[in-house]
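Open the model in your viewer and keep the sequence beside it. The tour goes from one selection to the next.

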Amino acid sequence: LSQGQIRSKIWLLSELKKYKLENKLEFKNIAIYGSWYGFIVPFLYESLENLECVRGFDIDANANYRSEIFLQRYVADKWKYKTITQDVSQLIPLGESGKIKYSLSNDYNQKISETKKFDIIINTSAEHMNDKWLENLRKEQVVCVQTNNMKDVEGHINVFDTFEEAKDHYRNLGQILWAGKMPLMENYERYMFFLRRRYL
C-alpha cells in the first residue's frame, strides 16, 4: 500500500462516518467495486455501527483469493465478508428495486446465488474503469466514488485535470450529496464524491 492509498481510505472512512451520522443513515449492506485485497473492510466494521455484510467485487480472482485469506475472520463469521470475481460494468440491477444478483463460491467451490440491495456502493478504483458500472445503477442508489488527476499512470483511464472537471463529470451521473478533494503529494490530488444515482 502506498501512503496515498492509505490516506485516501482514512479520508473516505472519516467522511463516510460523518455523512452517516449527519443524515441519520444506516449502512447495513455495503458493496465495494474494485475491492482488490479488501484492506478497507476491517475499518468499515470498526467505523460503522450495525454493519451486517460487505461484498467485494473485483475482476481479479487472485486478489479475491488473497482478500478472503487476509479477512478470514469476517468470511468465517457467517460471511460478513465475501468476494465476487466479476466485471462490475456487467452488473445489471434487477428492475427498479436496485437489487443486485451475483454468485459467491463456498468452501467446496460451489456457486451460491445471492441477491442484495446495497445501502451504499464504494468505488475507490474509478480511475481504472469506465463509467458503465455507475450508469447501470438504478435511481436513488447511493455511491461513494474516488478518482484523481494522475493521467501518467498505467491503467488510469478515467481521470481529470481538476476537481471542478471531475465534479462536472459526476454531476451528469448523479446528484452530488458531498464532494471534496485531498492533495496527496506534489501535483497529485484525490477527488471524492457521494452521489445519489439518477437517470438522465
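**Helix H3 and its start**

Select Asp60 and Asn62: at the start of H3, a side-chain oxygen of Asp60 comes to within 2.9 Å of the backbone nitrogen of Asn62. This is a predicted model, in which local features need pLDDT of at least 70 and side-chain atom pairs count only at pLDDT 80 or more, while totals for chains, interfaces and linings use all residues. Residues are numbered from 1 along each chain as its sequence is written, and side-chain values use heavy atoms, with hydrogens and water left out.

Next, select H3, residues 61-70. Helices (H or I, at least four residues) and strands (E, at least two) are DSSP runs, numbered from the N terminus. Which residues of H3 are buried (under 20% relative accessible area, 1.4 Å probe, protein chains only)? They are Ala63, Asn64, Ser67 and Glu68. Look down the axis of H3: the buried residues fall within an arc of 135° (taken from the directions from the helix axis to the C-beta atoms), so they line one face of the helix. On the other side of H3, Tyr65 and Ile69 are exposed (over 50%). Show strand E2 (53-58), H4 and strand E3 (81-85), which are among what covers the buried residues of H3.

**The cores**

Now select Leu16, Ile30, Leu44 and Val54. In the largest nonpolar core (buried Ala, Val, Leu, Ile, Met, Phe, Trp, Tyr and Cys residues joined through side-chain atoms within 4.5 Å), which has 28 residues, these four touch the most other members. H1 gives the largest share of this core, 5 residues. A second, separate core of 26 residues includes Ala31, Leu104, Met129 and Phe160.

Definitions and conventions:
Contact = heavy atoms within 4.5 Å. Polar contact = N/O pair within 3.5 Å; in protein donor to acceptor, adjacent residues only side chain to side chain.
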